[in-house]
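The exercises below are meant to be worked through with the sequence and the coordinates open side by side. Each gives a task and then a solution in steps.

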Amino acid sequence: MNGNSAQKIVPVLLSGGTGSRLWPLSRELYPKQFLPLCSDRTMLQDTALRVSAQSGSQAAAGAAAEAVFAAPLVICNQEHRFLAAEQLRQSRCTPRGIVLEPAGRNTAAACALAALAVAADDPDALLLILPADHEIRDAEAFRRAVGIAARAAQAGRLVTFGIAPTRPETGYGYIRRGHSMDEADGAYNVAAFVEKPSLEVAERYLAEGTYAWNSGMFLFPASRLLAEMERHAPAVLAACREALEQGSKDLDFFRLDAAAFAKAPSISIDYAVMERTDRAAVVPCEIGWTDVGAWSALWDVGKKDGEGNVIVGDVLLEGARDCYVRSENHLTAVVGVENAVVVVVDDAVLVADRSQAQDVKRIVDRLKAEGRSESVSHRRVHRPWGSYQSLHTGDRFQVKSLTIAPGSRLSLQKHHHRAEHWVVVNGTALVTRGEEQVMVYENQSIYIPIGTVHRLENPGKVPLTIIEVQSGSYLGEDDIVRLEDVYGRN
């Protein structure tokens with residue numbers, strides 16, 4: 001986990017959430033930060049590019065020459081490791097490291113992990129904590145704010161970014177700023193952190209002009225954050241230190257020790273440190289920021305038609321007003337409704353009043369309680385070698401479509417309860433079946449009997465697509481005995 005200590009600011013991309021309020025598009029195994037919600041790139045990619053070396057070299061022109069970005073450190077759920085790595089690769093972003101959390105422990109633990117990892121190489125480095133699910137439309141203003149925050153952090157302060165409120169929002173926490181800092185023009189001492197207010201109180205905050213939304217983005221000196229966590233959140237710090245010390249390298253990832261990390265209290269960095277320290281500072285800024293926490297937020301930032309509708313995909317509207325309608329694969333027609341959210345994907349449809357978009361999480365909770373797969377994954381399931389999609393399931397058989405990326409291979413494996421028939425519909429497959437290796441071309445097929453050791457790989461330069469017909473007494477994904485796996489899953 002060594003990095004370039006010559007550069008001052010290490011972006012830390014927090015990519016551990018599940019985005020349940022953006023169901024049915026966001027799922028547990030494919031959450032919102034890996035989706036292209038606000039641009040053609042995913043939210044993780046947009047966040048990484050926002051703090052790329054190229055953007056950092058121009059940071060805060062006239063404000064702070066120190067706002068130069070190092071390679072980012074990514075902290076994500078271990079189930080999302082290949083998604084994160086592949087999306088960063090597509091963006092030509094080489095991270096400092098990807099730390100895998102075996103379970104979610106909120107932002108205090110994530111910040112502690114980042115500070116410990118980076119301080120081992122450079123205690124004076126500055127950490128820029130960025131959730132990977134925020135939309136920032138004014139990149140230049142963002143870089144200027146980072147430049148101001150960097151000066152405050154170099155003076156030993158723990159800096160948060162306060163968003164200038166545009167409405168009396170009751171869904172965000174607020175920060176009341178105090179006196180300006182002598183060391184950093186544009187930064188202020190924090191007078192108070194305020195919980196999510198009532199509408200009446202939020203209207204007063206907006207009128208007073210000294211309050212800002214708490215963005216959840218921070219800039220800390222690594223050594224100072226560790227000192228403050230030792231004072232205010234020692235249990236979090238101790239668990240994270242042990243999890244790193246007992247952790248291990250796994251391919252391009254770093255796996256935390258699960259038992260040690262489980263000891264960390266699940267608490268936000270706001271509660272653990274920022275509300276307790278006497279070193280908190282805030283940089284008020286107007287950067288076009290949105291916390292993409294619900295479908296209503298995507299309506300807020302989306303391009304609207306003459307009737308106030310935001311549409312994505314194959315959508316027809318008639319007499320609709322102020323709606324957000326998104327269709328991933330189907331023609332979707334909406335007639336005579338107002339203030340609605342309509343989201344259509346392969347296996348689910350959501351219809352909600354836009355004012356109640358936060359309550360989508362209740363549907364996800366019910367799906368989980370009923371053990372339904374729609375809360376966990378889409379029909380198309382992503383794997384490090386590509387993806388598969390279930391096309392049809394019947395009594396003792398299942399039909400899937402598999403797409404294998406060029407140069408990729410599945411594990412060497414066998415099944416105790418099912419046989420498989422593979423038909424190549426695009427590309428060329430190299431199949432290991434027992435002791436033999438067979439090339440299978442388009443419109444050709446091959447049969448894998450129950451219990452036979454086998455592997456499927458794509459030796460070509462184009463994606464390989466096959467139709468897989470499984471037959472047998474049990475067809476679950478847990479009937480896989482991996483004998484060898486380049487992705488370390490056996």
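**Exercise 1. Charges over rings**

Task: In this predicted model, find the ring over whose face lysine 304 lies, and the ring over which the charged end of lysine 400 sits.

Solution. Step one: begin at lysine 304, which lies over the face of tryptophan 299, at 4.4 Å from the ring centre. Step two: turn to lysine 400, whose charged end sits over the ring of tyrosine 388, 4.2 Å from the centre of that ring. Step three: apply the distance part of the criterion, which asks for NZ of Lys within 6 Å of the ring centre; the values of 4.4 Å for lysine 304 and 4.2 Å for lysine 400 can be set against that limit.

**Exercise 2. Aromatic pairs around a tryptophan**

Task: Classify the ring pairs that tryptophan 289 forms with tyrosine 172 and with tryptophan 213, and state which parts of the chain they connect.

Solution. Step one: a search of the whole structure returns 9 aromatic pairs. Step two: one of them joins tyrosine 172 and tryptophan 289, with 5.3 Å from centre to centre and 65° between the planes, and this pair is edge-to-face, because planes over 60 degrees apart are assigned to that class. Step three: tyrosine 172 belongs to the loop between strand E6 (158-163) and strand E7 (174-180), while tryptophan 289 belongs to strand E13 (residues 289-291), so the pair ties together parts that are 117 residues apart in sequence. Step four: tyrosine 172 is buried at a relative accessible area of 13%, and tryptophan 289 is buried at 7%.

Step five: the rings of tryptophan 213 and tryptophan 289 have centres 6.4 Å apart and planes at 50°, so this pair is tilted. Tryptophan 213 is located in strand E9 (residues 211-221), and its pair with tryptophan 289 in strand E13 links distant parts of the chain, 76 residues apart. Elsewhere, ring pairs join Phe82, Phe253 and Tyr487 into a cluster.

**Exercise 3. Salt bridges in contrasting settings**

Task: How many salt bridges does the model contain, and what are the settings of those formed by lysine 32, aspartate 365 and glutamate 420?

Solution. Step one: the count comes to 22 salt bridges. Step two: lysine 32 forms one with aspartate 133, the closest N and O atoms being 3.0 Å apart. Lysine 32 lies in the loop between strand E1 (9-15) and helix H1 (43-50), and aspartate 133 in the loop between strand E4 (126-131) and strand E5 (134-136), so the pair ties together parts that are 101 residues apart in sequence. Lysine 32 is buried, with a relative accessible area of 8%, and aspartate 133 is buried as well, with 17%.

Step three: aspartate 365 meets lysine 361 with the closest N and O atoms 3.5 Å apart, and both residues lie in helix H12 (residues 360-369), 4 residues apart, or about one turn of the helix. Aspartate 365 is partly exposed at 37% relative accessibility, as lysine 361 is at 30%.

Step four: the side chains of glutamate 420 and arginine 418 form a salt bridge at 3.0 Å, N to O, and both of these residues are buried. Step five: Arg224, Glu228 and Arg231 are linked in a network of salt bridges.

**Exercise 4. Strand order and pairing**

Task: Which strands are the edge strands of the open sheet that includes E15, and what are the pairing partners of strand E23?

Solution. Step one: 4 strands form the open sheet in the order E14-E15-E16-E17, with mixed pairing. Step two: strand E14 (310-318) and strand E17 (348-353) each pair on one side only and are therefore the edge strands. Step three: the twist averages 20° from one strand to the next. Step four: E14 and strand E15 (residues 324-335) run parallel and are joined by 8 bridges, with valine 310 opposite tyrosine 324 in E15.

Step five: strand E23 (residues 429-433) has 4 of its 5 residues buried, so it is largely enclosed by the rest of the structure. E23 pairs with strand E24 (residues 436-440) in the antiparallel sense over 5 bridges, and valine 431 stands opposite valine 438 in E24. Their hairpin has 2 residues between the strands, and glycine 434 takes a positive phi near 65° there. E23 also pairs with strand E26 (residues 454-457), again antiparallel, over 4 bridges; the bridge partner of leucine 430 in E26 is glutamate 457.

Note on methods:
Residues numbered from 1 in each chain as written. Predicted model: local features only at pLDDT ≥ 70, side-chain atom pairs only at ≥ 80, totals over all residues. Heavy atoms only, no water. Salt bridge = Lys/Arg side-chain N within 4 Å of Asp/Glu carboxyl O. Buried < 20%, exposed > 50% of the residue type's maximum accessible area, 1.4 Å probe, protein only. Axes fitted to C-alpha atoms, helices over the stretch in contact; angles between N-to-C directions. Phe/Tyr/Trp six-rings, centres within 6.5 Å; stacked < 30°, edge-to-face > 60°. Lys NZ or Arg CZ within 6 Å of the ring centre and 35° of its normal.
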